[in-house]
Structures are given as C-alpha cells and as structure tokens.
Amino acid sequence: MSPRSASVNEELRRRSRERLLQAAVELVSERGYEATTLGDIADRAGSARGLVSYYFPGKRQLVQSAVHRLMHRTLEEALEREPRTDDGQERMARAIDAILGLAHDRPVLMRQHMAGLLQGEGFVQCPEQRRLSELLGQTIAGYGSGNVPSDYPMLRALLMGAVYSALVPGVPMPIPVLRTELFERYGLDWELGIPPGSGERAGAADTDLSRFFATDDRSTPPSAAEDPADDRPTEPSDA
C-alpha cells in the first residue's frame, strides 16, 4: 500500500485534534473536570488513548484549548450573525453578551475553565486562545479604542471577572446585573446585543456542539492505524 501524502496526513491530524477538543468540551460539561479522564476523552473522540499526548501535554491543556475553541467560535458567531454590522457599539454589546451567555448556558464547563486558569500554568498559549484574543482585540478596536494594547487586557479582565462573579458557588451575581455594569462601563444602550437567557438566544445551550468543531463523520471514527502519529508517545495515564 502506497504511503499517504503529506496533505492527507495533515487532514487526519486536524480531524483527530478537532475530535479531541469536542469530546473534552462535551465530557467536562456533562461530568465536570475531575470526573473526566484522558481515557474518557479519547474514547468519546474515537481516538487511540496514547494519541492524546501527541497533541496536548496533559488534560488541563486539552480542556483549556477546547473551552477557548468554544469561546472564540461562540464570539465569532455572535459578531457575524445577521444582520451583520460594523457598528462598534453593537459589536461590543454582542461580544459581552456572547461571553456572559456562556456562563449562563454552560455553567459547569465555564466554572471548571475559570478554576483551571488559576492553576500554575495559567493561560494555555494555543491557536484557540490566540484566535479568541484576536477577536476581542478587533472588537475593542472597532469600538473606537485609541490604545488597543492597553484596552484589550482591560476588556478581557472585565469579562473574566464577570464570568467568575456569575459562577462563584453560593454567592453568584445575577448575570443581568453584571451585564448592566459592563454596558455602563462601555456606554452601551441596553437594547444592543442579545441578553443571555432571552428568547432570541433559543438554542444557544444546545448540547450539539458540532458546528464549533470541524470534524468528519463521528459515526465512523478513524482507527488507530489510520492516524498519522505513528511516532506518538506511550499512553498517558487517565488522571
């Protein structure tokens, strides 16, 4: 049998990585972080367990990359929804509502994500995190920032703080109150955007996340022999 071309191998790697990201989001949403093992994720993705460490150093890095993917695709979807607009205030409102909406729609996942960010490794520098940063940077620039390198970190901090405040066990702040504070901070009209929990956001919490992950047919996952990572390391533990 002739060897696969480089382009075919690259496509197989892309699909394998996407399936792992999607499986991680699904399982952590269902079970929480501690109850989800790397083996569980590999099984849900239809991948060899040893393949996980070929793409990710560990579970924390995999889960952070998966959540950052969900965040940047959710944000992207909100910014580009119809009617599309270049109005900076509307786009800022959509961005705020998209991130607060994740806290509203997927509290288990986002609570685990925020806890992970407080671990020693902090932010995982990955393509998903970089794309999220790009979108937020573009949003603050379109809003009219004259100093994006300074204003972007502040926007990021305010959004992270709002998500954290909405999800603190026992003393959560109501999302409408947090939305009001953020909208006042950026001088946005309440009618802009789509408030989390509103009827307009129907389907936002759909458990089918496939639109955020560019994978092939999950009903026929590739076997370990079809994966291009023949030099992959030995299987990681399920911790």
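Helices here are DSSP runs of H or I with at least four residues, numbered from the N terminus. On that basis, P83 sits in the loop that links helix 4 (59-80) to helix 5 (88-105). The model is a predicted one, and in it the peptide bond leading from E82 into P83 comes out cis, with omega near -5°.

Stepping back to the whole chain, the tally is nine helices and zero strands. Read from the N terminus, the elements simply go α-α-α-α-α-α-α-α-α. Of the 239 residues, 46% count as buried. The accessible surface comes to about 11,500 Å², and carbon and sulfur atoms hold 52% of that. Contacts reach well along the sequence: taking those with a separation of 6 or more, 74% join residues 24 or more positions apart.

Helix 1 (residues 6-31) makes a handy check on helix geometry. Its 26 residues should span 38 Å at 1.5 Å a residue, and the end C-alpha atoms turn out to be 37 Å apart, so the two figures agree. Just after helix 1 comes G32, with a positive phi near 95°.

Helix 4 tells a similar story. It has 22 residues and runs 31 Å from its first C-alpha to its last, close to the 32 Å expected at 1.5 Å a residue. Helix 4 is also mostly covered, with 17 of its 22 residues buried. One residue of helix 4 worth a look is T74. T74 has a relative accessible area of 14%, and since buried means under 20%, T74 counts as buried. Setting aside neighbours within four places in sequence, T74 touches A98, L102 and F212. Of these partners, A98 and L102 fall within the 88-105 range of helix 5.

Then there is H113, which belongs to helix 6. H113 has a relative accessibility of 5%, so it too falls under the 20% cut-off and is buried. Apart from neighbours within four places in sequence, its contacts are Q64, V67, H68 and M71.

M71 turns up again at the cavity. The count gives one cavity of 30 Å³ or more, and the largest cavity holds about 190 Å³ of space. Its lining is made of 17 residues, and those nearest the centre are M71, L132, L136, R156 and M160. Several helices take part: helix 4, helix 6 (107-117), helix 7 (127-143) and helix 8 (148-167) each supply at least two lining residues. Helix 8 gives the most, with five residues. Sorted by class, the lining has twelve nonpolar, four polar and one charged residues.

Last comes the stretch towards the end of the chain. P196 is found in the segment after helix 9 (175-185). P196 has a relative accessible area of 15%, under the 20% limit, and is therefore buried. P196 and G101 are 95 residues apart along the chain, yet their C-alpha atoms are separated by 4.7 Å.

Technical notes: Residues numbered from 1 in each chain as written. Predicted model: local features only at pLDDT ≥ 70, side-chain atom pairs only at ≥ 80, totals over all residues. Heavy atoms only, no water. Buried < 20%, exposed > 50% of the residue type's maximum accessible area, 1.4 Å probe, protein only. Contact = heavy atoms within 4.5 Å. Areas by Shrake-Rupley, 256 points an atom, 1.4 Å probe, with all protein chains shown as cover. 1 Å grid on protein atoms, 1.4 Å probe; cavity = no way out; pocket = protein on both sides within 12 Å on 5 of 7 lines; lining within 4 Å. Points joined across faces, edges and corners; volume = space filled by probe spheres on them. Nonpolar A, V, L, I, M, F, W, Y, C, P; charged D, E, K, R; others polar. Expected span 1.5 Å × (residues − 1).
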